[in-house]
Amino acid sequence: MRAMFRRPSWQSRAEAEGWTLSNEAAAAEHLPRTLRDPEAERWACASALVLPAHPQELDAMLALVSSEDFFDSHWRDTWWAIERLRASAGPGQVNQITVARELARANRYGPPGVTIVDLSEAINDLPTSLLGVSAARIVHECAEARRALAQAQDLARKVVTKGTNTEGFGEEGLNWKDI
């Protein structure tokens, strides 16, 4: 007997409409809120850009989240530039101008990517710079949820592929009791 798994509605729709990882805007529209938080990503980046006078706050944010934790490619690239600048430049050197310049050096600047206008608007929309660590924590939690979901989907695929026969699961390190 074959194991039956019901796919989340957003995943079935994604497959039916042919979404790919490169079409993340369409996919993001249907992801549950716990898997992504666009405002938290935007606020984390904007907070980092207005914290040059408080490098310890930026370091706390960098300890919580990495660029891979961001779902939106604009903010992932922005955080990547923030990480590079903080590692190579001294305290106080992370701001919207230096980040835009770092993105330009890596050919990640400009439409359809991040622009100085995007960075400025994010800073202008920031309710307070004091929420940086909280926003970074939310970005990290969403990334952890996406990683857990991906692992569960991989495990489900292996179970469906192998069927309900438990033979051979030990070869791949799968323990039937954990399924």
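The legends below describe an overall view and several close-ups of one predicted model.

Residues are numbered from 1 along each chain as its sequence is written. In this predicted model, local features need pLDDT of at least 70, side-chain atom pairs count only at pLDDT 80 or more, totals for chains, interfaces and linings use all residues, and side-chain values use heavy atoms, with hydrogens and water left out.

**View 1. The whole chain is built from eight helices and zero strands.**
Helices (H or I, at least four residues) and strands (E, at least two) are DSSP runs, numbered from the N terminus. The order of elements is α-α-α-α-α-α-α-α. The protein chain has 179 residues, and 36% of them count as buried. Buried means under 20% relative accessible area, exposed over 50%, and partly exposed in between (1.4 Å probe, protein chains only). The accessible surface is about 10500 Å², with 53% belonging to carbon and sulfur atoms. That area comes from the Shrake-Rupley method with a 1.4 Å probe; for residues, only the protein chains shown count as cover. Among contacts (heavy atoms within 4.5 Å) with a separation of 6 or more, 63% join residues 24 or more positions apart.

**View 2. Confidence varies along the chain.**
The average pLDDT is 76, and 69% of the residues score at least 70. pLDDT is the predictor's confidence in each residue, from 0 to 100. Residues 1-14 fall below 50; beyond near neighbours in sequence, this stretch has 21 contacts in the model. Residues 16-22 are also below 50, with six contacts beyond near neighbours in sequence. Where pLDDT is low, the predicted coordinates should not be read in detail.

**View 3. The largest nonpolar core holds 31 residues.**
A nonpolar core is a set of buried Ala, Val, Leu, Ile, Met, Phe, Trp, Tyr and Cys residues joined through side-chain atoms within 4.5 Å. M61, F70, W79, I82 and V99 have the most contacts inside this core. Helices α3, α4 (55-64), α5, α6, α7 and α8 (132-162) each supply at least two of its residues. In soluble globular proteins, nonpolar side chains tend to be buried together.

**View 4. T78 is buried in helix α5 (residues 73-88).**
T78 counts as buried because its relative accessibility is 0%. A polar atom of its side chain lies 2.8 Å from the backbone oxygen of H74. Leaving aside neighbours within four places in sequence, T78 contacts C45, V99, L103, V114 and L119.

**View 5. Helix α6 packs its buried residues against α3 (38-49), α5 and α7.**
Those buried residues are T98, V99, A100, E102 and L103. Not counting residues up to four places away in sequence, V99 touches L49, T78, A81, I82, L85, V94 and L119. N95 caps the N-terminal end of α6, with a side-chain oxygen 3.0 Å from the backbone nitrogen of I97.

**View 6. N107 sits in the loop between α6 (96-105) and α7 (116-124).**
N107 is not a glycine, yet its phi is positive, at about 55 degrees. Most residues other than glycine have a negative phi. N107 is exposed, because its relative accessible area is 72%.

**View 7. L119 is found in helix α7.**
L119 counts as buried because its relative accessibility is 0%. Its C-alpha lies 8.4 Å from that of C45, although the two are 74 residues apart in sequence. Not counting residues up to four places away in sequence, L119 touches L49, W75, T78, Q96, V99, A100 and V114.

Notes:
Polar contact = N/O pair within 3.5 Å; in protein donor to acceptor, adjacent residues only side chain to side chain.
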